[in-house]
Structures are given as structure tokens and as C-alpha cells.
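Reader: I've got a structure open and I'd like to learn how to read it. Could you walk me through some features?

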Amino acid sequence: MKYKIGIIGLGYVGLPLAVELSKSFDVYGFDKNSSRIDELKNRIDNTNEITKHELQAALENRLKISSSQKELAECNVFIVTVPTPITTEKVPDLRPLELACETIGSLIKKNDKIFFESTVYPGCTEEYCVPIIERRSSLKFNKDFEVGYSPERINPGDKKHTLRSIKKVVSGSTENCLTVAKEIYGSVVDAGIYEATSIKVAEAAKVIENTQRDVNIAFMNELNAIFKKLNLNIYEVLEAAQTKWNFLPFKPGLVGGHCIGVDPYYLAQKAQEAGYHPEIILSGRRLNDDMGKYVAGEVVKLMIKRSLPVLGSNVLMLGITFKENCPDIRNTRAIDVYEEFQSYNVNVDVYDPWADSKEVRDEFGFDLIEEPSKKYHAVILTVAHEEFLEQELRSHLVDGGILYDVKGILDTNSIDARL
């Protein structure tokens, strides 16, 4: 069968998939954000996942992109890669997924296949997405159309673990759908395909991957607080503990982004609907969500001990994105550090050469500085961008100023404290 693939959502997940699949199939990439489409047509990917050369080659070959749904109607396979965020109340926000399902439902024909990659709770594909598509299309699930789930595993900014090098979990509502999934994804994933026994198993596997990391980092954050009370350096403790072959090498830190800091709430919501209150998952989330306040509080304590002013003091934050060498600011927890400093009436400058100034202004209401140009009472490394690691960070400090390393990667002889 000749597949024409429509990909809905051209972010850091959908675009790399569209580019790779277009090497073997006709691909139509759709994104409702017309500005995103304009950038991509100008060979610019602001997520930095795809190079200008790769994008140009794809667009000159078998990839078409648009913010119009018109050409989606020609597709017989649909892949959904829209974001699945949480609301301000920290419950799943399925509106982007709902809109994608409404779009597909208005377009699909008999025998079409639909695959979801967006992170969801177990059961979401069949219990939430399918009814929307059935209602909108007047077609019947597994009679007129079939669905599958193949969780995305993209790690933003990671040039080693890419789409081709990460094993792909696939599932389908029928054997035929599973076969199509294996054929399509097998054409672009060199690491191999894993067949999940059901769609729910594939959904659950994805959501626990990030929940596991979240809980383990929360454990490290709690250990860090304990060891500080005991006058122990957690990094020295971890170095000793890691000499055992089965010790898991997690570190304390801020936990943000659109995966680790979000996905546990999807699993927690489903657990509560099933009548189980998830103690460990939610306590880990609460602990990690409070780390920004903890960092700012630690810096303020150090400033007081050194008789540095707090009220009206100048503080420099290095980094606002959710992770290093990545421009994405969505769900960054560095903003928690900024807001906590603001509560102390501290003047905070934020420097981040990776972040988009307009996006930061629109999202958080402040302007990034172009570069540090004055002396600060404290400098906090919140994001480990390569540019920061190459600088003499103490040169930005007043005499007796504090250099605080949130990431735990700077030379211990050059800093005053670390998370």
C-alpha cells in the first residue's frame, strides 16, 4: 500500500519525524501556528532539532508543510505529535489533543490509520481520542479506521539520542494497524522496533519513563537537603555510592520541561480516577516543584551570612530555558528561582543566549539582558549552557559576592555553594 502521511504538530517531535519519513514517503506536515510554518519555509527551525540543510533537502524532496488542513485530506495515515501540557491546577490539558482529533475526524476516510505520539495517561487513545474521531467522522473504530500509539522519545537538544537511534515502541488496535506501524516507523528507526502488547501498555510505558526520573530526582533533592543539615557534600556522597555497579546516577536539580515535570500528573490523574491516591508520585512532584524557592532561599541565606544586602541587591541568573543548550522555555523551573528572588525585592537580571527574548517577554513579562555589564551580589548558574562553562563567572561579582551552582558542574574551587 502506498502511504501518504499527515503529521499534525511540527514542534520538536513532529518536525524531525516529518523530515525522516519524507525520505521514504510523501509527507504533509501541518501546524496551526502560521508563524512556525513561515519560519520552516525559510529553512529556520527555532527548536534547533533540524539543520537548515536537512530542512531544505526535505522540503525539496517529499515534504510539504502548511497551516492549512486542505492537503491533510489526501493522507491515509495520520500521526499526532501535539503537546499535552497541564493546566494551572496541574491536571492534564487535553485541548491540543482534542483539536487534533477533531481535525482528523473531519478528514479521515475508510481504512485510514491514525497513530498518536503525544504523552497521555493509559487508556486515553481509545477512551478519549477515538470517540471524538468517531463522532466527528461518523466512522466506526476498527471497522472503518484503526489507531495506534507510538510514544515519542525525543530528548530536546540531544544530538546523540535521536529519532533514528532510540528504539521505537509501537502498538495498534488491530494486527493490520500494528503491521503498518512497524513498516512506517521501521523505515526511519535504526535502533529497532518494540511491539507493545496493547495501546494501553505503550501509553503506560511512556508515562512511567518520565515519572521514574521525576521520583528519582526528587529523592536526590531530599537527600541534598538532609546532607546539608549534616554538613555533608552530596556530590562526594554520590561519587562514593556510584562505585557500586547498580547505583542509579541521578543528581539533585530543578525539574522542568514538557516531559518530566508534566507527565507524572497524567499518571496521577488516571490513578485517582481509578480510586488510588499516588503518594510517591505526588510527593515527588511537590518536592521538585518547590526547588526554585529552595535555591533562592539558600542564596539569600548566604548573602545575609556575608553581610551582603538583600533588599535592592543585584542578582544575575544564568539561564532561563528548561535545559542546557536548548532554546525551549516551556515549563522551565528556572522561572521559580526568578520569582522567589522577586519576592525578596531583589533586582534580577537574566542572561540566556539560547532563549528568544520576545518569547521570554511574552511568557514571563521581563526582558533578558544582552550580556552582563555590571557587578552582582550573587550569580546563579541555573542552566548549564556551554557558553557559561567557558566564562570566568566570578568576574561578574562584587567583592565577597556569591557564585551558586545549581547544576553541580562547576569546579568546586571556583564556587561558593551548589545545590
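Author: Let's go through strands, a helix, two loop residues and some salt bridges. Keep in mind that this is a predicted model.

Reader: Okay, strands to begin with. In what sense do strand 1 and strand 2 pair, and over how many bridges?

Author: When you look at paired strands, ask about direction, then about which residues face each other. Here strand 1 (residues 4-8) runs parallel to strand 2, with 5 bridges between them. Within that pairing, Gly6 sits opposite Tyr28 of strand 2.

Reader: And what does strand 2 pair with on the other side of Tyr28? Which residue in strand 3 is its bridge partner?

Author: That's Lys64 in strand 3. Strand 2 and strand 3 also pair in the parallel sense, over 4 bridges. So that you can place strand 2 itself: it spans residues 26-30, and 4 of its 5 residues are buried.

Reader: What unit do strand 1, helix 1 and strand 2 make?

Author: A right-handed β-α-β unit.

Reader: Now a helix. Which residues of helix 2 are buried?

Author: A bit of general background helps. An α-helix has 3.6 residues a turn, so residues three or four places apart point the same way. In helix 2 (residues 34-41), the buried ones are Arg36, Ile37 and Leu40. Looking down the axis of helix 2, they fall within an arc of 100°, so they line one face of the helix.

Reader: What covers those buried residues?

Author: The cover includes helix 1 (14-21), helix 3 (52-59) and strand 3 (63-66).

Reader: What about the ends of helix 2? Which residue caps the N-terminal end?

Author: Asn33 does: one of its side-chain oxygens is 3.0 Å from the backbone nitrogen of Ser35. Just past the helix, look at Arg43, which has a positive phi of about 65°.

Reader: Let's try loops. Where does Trp354 lie, and what is it in contact with?

Author: For a loop residue, check its place, its accessibility and its contacts. Trp354 is in the loop between strand 10 (347-351) and helix 13 (357-364). Its relative accessibility is 24%, so it counts as partly exposed. Leaving aside neighbours within four places in sequence, its contacts include Asn48, Thr321, Pro327 and His385. The C-alpha atoms of Trp354 and His385 are 8.1 Å apart, although 31 residues separate them along the chain. There is also a polar contact of 3.0 Å between the side chains of Trp354 and Glu387.

Reader: And Arg394: which backbone oxygens does its side chain reach?

Author: It reaches the one of Gly401 at 3.3 Å and the one of Ser414 at 2.9 Å. Arg394 is in the loop between helix 14 (386-389) and strand 12 (397-405), and at 30% relative accessibility it is partly exposed. Setting aside neighbours within four places in sequence, Arg394 also touches Leu403, Ile415 and Asp416, among others. Its C-alpha is 9.4 Å from that of Ala378, 16 residues away in sequence.

Reader: Last topic, salt bridges. How many are there?

Author: The count is 32. For each one, look at the distance, then at where the two partners sit. Arg153 and Glu209 make one, with their closest N and O atoms 2.6 Å apart. Arg153 is in the loop between strand 6 (145-149) and strand 7 (168-170), while Glu209 is in helix 7 (residues 199-229), so the pair ties together parts 56 residues apart in sequence. Both ends are partly exposed: Arg153 has a relative accessible area of 28%, and Glu209 has 24%.

Reader: Asp349 and Lys374 make another. Is Asp349 buried or exposed?

Author: Asp349 is buried, at 17% relative accessible area, whereas Lys374 is partly exposed at 38%. Their salt bridge is 3.5 Å, N to O.

Reader: How far apart in helix 13 are Lys358 and Asp362?

Author: They are 4 residues apart, which is about one helical turn. Their salt bridge has its closest N and O atoms 2.7 Å apart, and Asp362 is exposed, with 54% relative accessible area. Elsewhere, salt bridges with shared partners join Glu20, Lys23, Arg164 and Asp190 into one network.

Notes:
Residues are numbered from 1 along each chain as its sequence is written. This is a predicted model: local features need pLDDT of at least 70, side-chain atom pairs count only at pLDDT 80 or more; totals for chains, interfaces and linings use all residues. Side-chain values use heavy atoms; hydrogens and water are left out. Buried means under 20% relative accessible area, exposed over 50%, partly exposed in between (1.4 Å probe, protein chains only). The arc is that of the directions from the helix axis to the C-beta atoms. Contact means heavy atoms within 4.5 Å. A polar contact is a pair of N or O atoms within 3.5 Å; within protein, one must be able to donate a hydrogen and the other to accept it, and residues adjacent in sequence count only if both atoms are side-chain atoms. Two strands pair if DSSP finds at least two bridges between them. A crossover is right-handed if, with the strands pointing away from the viewer, the path from the first strand over the helix to the second runs clockwise. A salt bridge is a side-chain nitrogen of Lys or Arg within 4 Å of a carboxyl oxygen of Asp or Glu.
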